[in-house]
Amino acid sequence: MSETAVDEMSFEQAMAELEQVVGKLERGDVALEDSIKLYERGAALKKRCEAKLKEAEEKVAAITLNTDGEPTGTTPVEGL
Amino acid sequence: MSDLFYDPVPGENSPEFSVTEISGAIKRVIEGEFGHVRIRGEVGRVSMPRSGHIYLDLKDDRSVISGVIWKGVAGRLATKPEEGMEVIATGRITTFGGQSKYQIVIEDIRPAGMGALMAMLEKRKAALQAEGLFDPARKKKLPYLPEIIGVVTSPSGAVIRDILHRLRDRFPRKVLIWPVAVQGAACAPEVARAIRGFNAMTPGGALPRPDLLIVARGGGSIEDLWGFNEEIVARAAAESEIPLISAVGHETDTTLIDFVSDLRAPTPTAAAEHAVPVRLELLSWVGDAQARLGNALTGRLDRSSQRLRDLARALPRPETLLDGPRQRLDVQSDRLPAALIRSVQIRRVTLSDIAGSLRPSLLHRATAAERRRLAALAPRVAPALSRSTKDRRNAFEAISVRLSSRPISADLGAKQRTLADLTRRLTEAQSRRIDEVKTRLEGLDRLRETLGHRATLARGYAIVHGDDKVVTNTAAAAAATAIEIEFADGRFKLGSAPTRKRNPKKPPEQGSLF
């Protein structure tokens, strides 16, 4: 099992490992003790996935440019 | 004389111009006649110096005309002229009197029809392909779930709305819009600048760097989309470190940026679909995974506990395990005392059997036999000793007979004779040698006598000695206290007086000698 901290994983990483964990557990070829550890890891991964999915906030901003075309900041965009 | 300068010929009245006058007259005629012309031709050599003006040649198979595009016009051009491009140039002809030249000042220049434009695009495409910019290996993988999406497009219009709607439906994200002109001359530089600008941002900075870019534009004529065919746009997209989706025009339109982007979406909406997964699907997948996880563990536990129960059932009761051994113990315990008694009895019988045969007469018999053996051997000791001594004496005598002094004395005699002989020869040789040396010595002495001064003296010469030194001049003779003259037969003293030797330097005494 990879040692990457679950809290630092991207959604994709967490999802891929969760899939792996579930598959391993479903095949049932792990020792009982390991299977409990796997379950715990799986639960943590699932939590991470859910957290990433909850961050589904829309925030649209347009970049403001100065006369030279250099970005100076952003301005919120509404109503599109 | 009259040939040397111009002499007006009577009757000739054509006017006389200065060079500037004629040059100006030509300029007026040409600019009046060709104040607005359209010229179709192929662009020849193009040079774009730092000044911003563009100098080029227009040519066909037989003629060439120089052209210039002033900086102000050059900035407005939709299409920059490139060598080999078939163009129509609009402008006015002017002259350049300083060099006796004429040229066209171009107000507008554009490809001569669609064919010329497409030919130019193909050429550009081939060049970029040769550089490897379209290589599939260069294409970056899009992030599965980008955090921030940068969109390069017009801030108003259907395109950005379509993208935002589709993102909202699938997975709302943070979106940064970099507003650009999506057609006209400003389009290409602005789009290129936007792509580079997004790449220049730092992740987590004041302006957060997107992890996915979408460059989008709605449908339009090929001229409208032309900015996305420009090389600067294609190069900026190829250099982008952030994965880039291009969505320019309708599905049938393909622009240069589509070849270098990491993914070409047919429409802006499709770009949004490629950009993010569907959130609800993911949520359901996660729920599903959770259920599978739980089921898998429960199943695993159920199987384990079932197996445990099965095994437990198969275990025998502890009492039954002990029954057999306990019975064996009982049987053996019963047999133990009898076995001990029998064992002792058997050993006792063996002991009594052996003890019965052990008697003194047995020992006597053995001693007597050994004594008889000793008595038989004893008489044989003395004869054996004397026989051995006799054998050794005989051997000694045999050897001593061979030991005699005769060979040694014979050898001694021979060596004495040799010694006497050698002594005699040594003596002879010695005396012979002495004789030889004596003879030689006499010869040499004779030689010495003849060569020595005595022989000279015999011929009448004499040597003067004074005070035991040879006197060779008058000064030495005057200084000497006594003078002797040596002749062949002896020395003659001149008035020497032993008493006067004490004061040898007194002149009167010396004078009295004469």
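Helices here are DSSP runs of H or I with at least four residues, and strands are E runs of at least two, each numbered from the N terminus. With that in hand, the views below walk through a predicted model, beginning with chain A.

**View 1. Chain A reads as α-α-β-β along its sequence.** Welcome to chain A, which has two helices and two strands. Of its 80 residues, 38% count as buried. Cys49(A) is a buried residue, with a relative accessible area of 0%. The predictor's confidence averages a pLDDT of 84 over chain A, and 96% of the residues score at least 70. Among the elements of this chain, helix α1(A), residues 11–27, has the highest mean pLDDT, at 88, while strand β2(A), residues 71–76, has the lowest, at 84.

**View 2. Residues 39–66 of chain A carry a UniProt annotation.** The unreviewed UniProt entry lists this stretch as a "coiled-coil region". In the model, residues 39–66 of chain A are 57% helix and 25% strand. The C-alpha atoms at the two ends of the stretch are 54 Å apart.

**View 3. Strand β6(B), residues 148–153, is largely enclosed by the rest of the structure.** Which way do the residues of β6(B) point? Ile148(B), Gly150(B) and Val152(B) point one way, Ile149(B), Val151(B) and Thr153(B) point the other way, and all are buried. This is a handy place to recall that side chains in a regular strand alternate between the two faces of the sheet. Because six of the six residues of β6(B) are buried, the strand counts as largely enclosed.

**View 4. Strand β6(B) pairs in the parallel sense with β7(B) and with β8(B).** The pairing with β7(B), residues 174–179, runs over six bridges. Look for Val152(B), which stands opposite Trp178(B) in β7(B). The pairing with β8(B), residues 212–217, runs over four bridges. There, Ile149(B) has Leu212(B) as its bridge partner. Helix α4(B), residues 158–170, joins β6(B) and β7(B) in a right-handed β-α-β unit.

**View 5. Helix α11(B), residues 360–377, lies largely in the open.** How many of the 18 residues of α11(B) are buried? The number is zero, so the helix is largely in the open. At 1.5 Å a residue, α11(B) should span 26 Å, and its end C-alpha atoms are 27 Å apart, which agrees.

**View 6. Four strands of chain B form an open antiparallel sheet in the order β12-β11-β13-β14.** The edge strands are β12(B), residues 469–470, and β14(B), residues 490–494, each pairing on one side only. Strand β11(B), residues 463–466, pairs with β12(B) in the antiparallel sense over two bridges. Within that pairing, Gly466(B) stands opposite Lys469(B).

**View 7. Ser100(B) sits in the loop between β4(B) and β5(B).** The flanking strands are β4(B), residues 86–96, and β5(B), residues 101–111. Phi of Ser100(B) is near 55 degrees, a positive value in a residue other than glycine. Is Ser100(B) buried or exposed? With a relative accessible area of 70%, Ser100(B) is exposed, because exposed means over 50%.

**View 8. Cys187(B) is buried, at 0% relative accessibility.** Buried means under 20% relative accessible area, so Cys187(B) qualifies. If you are hunting for disulfides, the structure holds zero over all chains.

How values were computed. Residues numbered from 1 in each chain as written. Chains lettered and ligands numbered in written order. Heavy atoms only, no water. UniProt positions renumbered as here; feature names shortened; annotations may be inferred. pLDDT = per-residue confidence, 0-100. Buried < 20%, exposed > 50% of the residue type's maximum accessible area, 1.4 Å probe, protein only. Pairing = 2+ DSSP bridges. Right-handed = clockwise from strand over helix to strand, strands pointing away. Expected span 1.5 Å × (residues − 1). Disulfide = S-S within 2.5 Å.
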